[in-house]
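Hi everyone, thanks for coming. Let me put the structure up, and then we can walk through it together.

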Amino acid sequence: MVLRAVCFNFSFINLKPFSMEPGKDLTKEQKQRKFDVRYLEMARIWAKNSYCKRKQVGALIVKDRQIISDGYNGTPAGFENVCEDENNITKQYVLHAEANAITKVAKTNNSSENGTLYVTTSPCIECSKLIIQAGIKKVVFAELYSKHEGLDLLERAGVEVVHLPDQEARKHNRDQ
(Lines give C-alpha, C1' and ligand atoms only; values in the text may rest on other atoms or scores of the structure.)
Protein backbone atom coordinates (compact mmCIF):
# COMPACT_ATOMS: atom_id res chain seq x y z
CA MET A 1 0.00 0.00 0.00
CA VAL A 2 1.30 3.42 -0.96
CA LEU A 3 0.39 6.45 1.14
CA ARG A 4 0.41 9.79 -0.59
CA ALA A 5 0.35 13.15 1.06
CA VAL A 6 -1.99 15.60 -0.58
CA CYS A 7 -1.50 19.27 0.16
CA PHE A 8 -3.96 22.00 -0.64
CA ASN A 9 -3.25 25.69 -0.74
CA PHE A 10 -5.98 27.50 1.22
CA SER A 11 -4.25 30.88 1.23
CA PHE A 12 -7.20 32.39 -0.65
CA ILE A 13 -9.46 31.90 2.39
CA ASN A 14 -9.71 35.02 4.54
CA LEU A 15 -9.80 33.69 8.11
CA LYS A 16 -11.08 36.10 10.75
CA PRO A 17 -10.42 35.81 14.49
CA PHE A 18 -12.69 33.46 16.39
CA SER A 19 -16.01 35.03 17.34
CA MET A 20 -18.54 33.51 19.73
CA GLU A 21 -21.42 35.30 17.99
CA PRO A 22 -22.01 35.09 14.24
CA GLY A 23 -21.00 38.34 12.60
CA LYS A 24 -19.62 39.78 15.82
CA ASP A 25 -15.92 39.96 16.68
CA LEU A 26 -15.17 40.14 20.38
CA THR A 27 -12.03 41.44 22.05
CA LYS A 28 -9.94 39.03 24.08
CA GLU A 29 -11.31 40.59 27.27
CA GLN A 30 -14.93 40.25 26.06
CA LYS A 31 -14.37 36.60 25.18
CA GLN A 32 -12.83 35.93 28.58
CA ARG A 33 -15.72 37.67 30.37
CA LYS A 34 -18.16 35.55 28.38
CA PHE A 35 -16.34 32.38 29.47
CA ASP A 36 -16.22 33.65 33.07
CA VAL A 37 -19.99 34.15 33.03
CA ARG A 38 -20.60 30.68 31.57
CA TYR A 39 -18.30 28.83 33.97
CA LEU A 40 -19.84 30.69 36.91
CA GLU A 41 -23.30 29.61 35.69
CA MET A 42 -22.03 26.04 35.62
CA ALA A 43 -20.72 26.40 39.19
CA ARG A 44 -24.21 27.57 40.24
CA ILE A 45 -25.71 24.46 38.69
CA TRP A 46 -23.09 22.27 40.39
CA ALA A 47 -23.97 23.87 43.76
CA LYS A 48 -27.38 22.22 43.49
CA ASN A 49 -25.68 18.87 44.23
CA SER A 50 -25.05 20.03 47.80
CA TYR A 51 -27.17 18.54 50.59
CA CYS A 52 -26.58 21.63 52.73
CA LYS A 53 -29.77 23.52 53.51
CA ARG A 54 -28.42 26.87 54.69
CA LYS A 55 -26.18 27.57 51.70
CA GLN A 56 -25.31 25.62 48.59
CA VAL A 57 -21.94 26.50 47.04
CA GLY A 58 -20.41 25.15 43.84
CA ALA A 59 -16.87 25.38 42.46
CA LEU A 60 -15.09 24.51 39.21
CA ILE A 61 -11.39 24.53 38.45
CA VAL A 62 -10.69 25.36 34.83
CA LYS A 63 -7.37 25.17 33.02
CA ASP A 64 -6.84 25.82 29.32
CA ARG A 65 -10.64 26.15 28.94
CA GLN A 66 -11.19 22.64 30.28
CA ILE A 67 -12.90 21.81 33.54
CA ILE A 68 -10.37 19.74 35.48
CA SER A 69 -12.24 19.52 38.78
CA ASP A 70 -15.49 20.36 40.51
CA GLY A 71 -16.80 20.52 44.02
CA TYR A 72 -19.70 21.54 46.19
CA ASN A 73 -20.02 22.02 49.92
CA GLY A 74 -20.88 18.92 51.89
CA THR A 75 -19.75 16.27 54.32
CA PRO A 76 -16.66 14.11 53.77
CA ALA A 77 -16.99 10.89 51.79
CA GLY A 78 -18.64 8.17 53.83
CA PHE A 79 -20.43 10.56 56.20
CA GLU A 80 -24.18 11.09 56.30
CA ASN A 81 -25.31 13.83 53.93
CA VAL A 82 -26.48 16.17 56.66
CA CYS A 83 -24.61 19.47 56.85
CA GLU A 84 -26.49 21.20 59.68
CA ASP A 85 -27.20 20.15 63.25
CA GLU A 86 -30.61 20.29 64.95
CA ASN A 87 -30.10 24.04 65.57
CA ASN A 88 -29.44 24.67 61.86
CA ILE A 89 -25.73 25.34 62.56
CA THR A 90 -23.28 24.01 59.97
CA LYS A 91 -21.34 21.04 61.32
CA GLN A 92 -17.61 21.63 61.84
CA TYR A 93 -16.55 18.86 59.45
CA VAL A 94 -18.47 20.13 56.40
CA LEU A 95 -16.08 20.81 53.52
CA HIS A 96 -16.33 23.93 51.41
CA ALA A 97 -16.79 23.65 47.65
CA GLU A 98 -13.31 25.02 46.94
CA ALA A 99 -11.66 22.48 49.26
CA ASN A 100 -13.60 19.64 47.62
CA ALA A 101 -12.55 20.77 44.12
CA ILE A 102 -8.89 21.17 45.11
CA THR A 103 -8.66 17.82 46.91
CA LYS A 104 -10.47 16.13 44.03
CA VAL A 105 -7.97 17.42 41.45
CA ALA A 106 -5.14 16.29 43.76
CA LYS A 107 -6.34 12.70 43.31
CA THR A 108 -5.89 12.91 39.53
CA ASN A 109 -3.02 13.39 37.11
CA ASN A 110 -4.17 16.98 36.52
CA SER A 111 -2.55 20.03 38.04
CA SER A 112 -4.40 23.15 39.15
CA GLU A 113 -1.21 25.21 38.66
CA ASN A 114 -2.14 28.44 36.80
CA GLY A 115 -5.80 27.41 36.74
CA THR A 116 -8.91 29.47 37.43
CA LEU A 117 -11.37 28.73 40.22
CA TYR A 118 -15.01 29.62 39.62
CA VAL A 119 -16.99 29.61 42.86
CA THR A 120 -20.47 30.85 43.67
CA THR A 121 -19.39 32.48 46.97
CA SER A 122 -16.05 34.19 47.68
CA PRO A 123 -13.53 31.97 49.49
CA CYS A 124 -13.00 32.02 53.24
CA ILE A 125 -9.50 32.39 54.69
CA GLU A 126 -8.92 28.61 54.95
CA CYS A 127 -9.97 27.95 51.35
CA SER A 128 -7.86 30.91 50.21
CA LYS A 129 -4.79 29.24 51.73
CA LEU A 130 -5.58 26.08 49.76
CA ILE A 131 -6.12 28.09 46.57
CA ILE A 132 -2.72 29.74 46.93
CA GLN A 133 -0.96 26.45 47.68
CA ALA A 134 -2.71 24.76 44.73
CA GLY A 135 -1.18 27.35 42.36
CA ILE A 136 -4.53 28.74 41.22
CA LYS A 137 -3.93 32.17 39.67
CA LYS A 138 -7.46 33.51 39.25
CA VAL A 139 -10.66 33.30 41.29
CA VAL A 140 -14.05 34.36 39.87
CA PHE A 141 -16.99 34.53 42.26
CA ALA A 142 -20.58 35.83 42.38
CA GLU A 143 -21.56 36.38 46.02
CA LEU A 144 -19.51 37.90 48.82
CA TYR A 145 -18.85 35.66 51.82
CA SER A 146 -19.66 37.30 55.16
CA LYS A 147 -15.92 37.69 55.92
CA HIS A 148 -13.48 39.23 53.45
CA GLU A 149 -10.15 38.02 54.88
CA GLY A 150 -9.95 35.30 52.24
CA LEU A 151 -10.12 37.83 49.40
CA ASP A 152 -7.50 40.01 51.11
CA LEU A 153 -5.15 37.04 51.38
CA LEU A 154 -5.64 36.08 47.72
CA GLU A 155 -4.88 39.60 46.56
CA ARG A 156 -1.81 39.74 48.82
CA ALA A 157 -0.59 36.51 47.18
CA GLY A 158 -1.04 37.96 43.69
CA VAL A 159 -4.08 35.87 42.77
CA GLU A 160 -6.37 37.73 40.37
CA VAL A 161 -9.78 38.14 41.99
CA VAL A 162 -12.87 38.88 39.88
CA HIS A 163 -16.24 39.67 41.45
CA LEU A 164 -18.97 38.94 38.94
CA PRO A 165 -22.26 39.58 40.77
CA ASP A 166 -25.39 37.85 39.51
CA GLN A 167 -26.93 41.06 38.15
CA GLU A 168 -23.76 41.83 36.16
CA ALA A 169 -23.80 38.30 34.71
CA ARG A 170 -27.45 38.70 33.71
CA LYS A 171 -26.67 42.08 32.07
CA HIS A 172 -23.71 40.53 30.24
CA ASN A 173 -25.95 37.72 28.93
CA ARG A 174 -28.51 40.24 27.63
CA ASP A 175 -25.82 42.34 25.94
CA GLN A 176 -24.31 39.36 24.17
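Let me start with a question: which handedness does the β-α-β unit made by β3, α3 and β4 have? β3, α3 and β4 form a right-handed unit. Please keep in mind that what you see is a predicted model.

Let's stay with strand β4, since a lot comes together there. On one side, β4 pairs with β3 in the parallel sense, over five bridges. Here T121 sits opposite E143 of β4. β4 is also joined to strand β5, residues 160–163, by four bridges, and these two run parallel as well. In that pairing, K138 has E160 as its bridge partner in β5. And there is another β-α-β unit here: β4, α4 and β5 make one that is right-handed.

How enclosed is β4? Five of its six residues are buried, so the strand is largely enclosed by the rest of the structure.

Now, on to the charged pairs. The structure has six salt bridges, and I'd like to show you three of them, beginning with K138 and D36. Their closest N and O atoms are 3.2 Å apart. K138 belongs to strand β4 (residues 138–143) and D36 to helix α1 (residues 28–47), so this pair ties together parts that are 102 residues apart in sequence. Are these two buried or exposed? K138 has 11% relative accessibility and counts as buried, and D36 is buried too, with a relative accessible area of 3%.

Next is E143 with K55, a salt bridge whose closest N and O atoms are 2.6 Å apart. E143 is in β4, while K55 is in the loop between α1 and β1 (58–63), so parts that lie 88 residues apart in sequence are tied together by this pair. E143 is partly exposed, at a relative accessible area of 33%, and K55 is partly exposed at 37%.

The third one stays within a helix. E126 forms a salt bridge with K129, with the closest N and O atoms 3.1 Å apart. The two are three residues apart in helix α3 (residues 125–133), so about one helical turn separates them. As a reminder, an α-helix has 3.6 residues a turn, so residues three or four places apart point the same way. E126 is partly exposed at 46% relative accessibility, as is K129 with a relative accessible area of 41%.

Back to α1 for a moment. At 1.5 Å a residue, its 20 residues should span 28 Å, and the end C-alpha atoms are 29 Å apart, which agrees. Among the buried residues of α1 are K31, F35, D36, L40 and A43.

That brings us to the nonpolar interior. The largest nonpolar core has 18 residues, and those with the most contacts inside it are I61, L117, V119, I131, I136 and V139. Elements giving two or more residues to this core are β1, α2 (97–106), β3 (116–121), β4 and α4 (149–156). Which of them gives the most? That is α2, with four residues.

Take a look at V119, too. Leaving aside neighbours within four places in sequence, V119 has contacts that include L40, V57, A59, V139 and F141. There is also a second, separate core of 12 residues, and F35, V62, Y118 and V140 are included in it.

That's my tour, and I'm happy to go back to any part of it.

How values were computed
Residues are numbered from 1 along each chain as its sequence is written. This is a predicted model: local features need pLDDT of at least 70, side-chain atom pairs count only at pLDDT 80 or more; totals for chains, interfaces and linings use all residues. Side-chain values use heavy atoms; hydrogens and water are left out. A salt bridge is a side-chain nitrogen of Lys or Arg within 4 Å of a carboxyl oxygen of Asp or Glu. Buried means under 20% relative accessible area, exposed over 50%, partly exposed in between (1.4 Å probe, protein chains only). The expected span of a helix is 1.5 Å times one less than its number of residues. A nonpolar core is a set of buried Ala, Val, Leu, Ile, Met, Phe, Trp, Tyr and Cys residues joined through side-chain atoms within 4.5 Å. Contact means heavy atoms within 4.5 Å. Two strands pair if DSSP finds at least two bridges between them. A crossover is right-handed if, with the strands pointing away from the viewer, the path from the first strand over the helix to the second runs clockwise.
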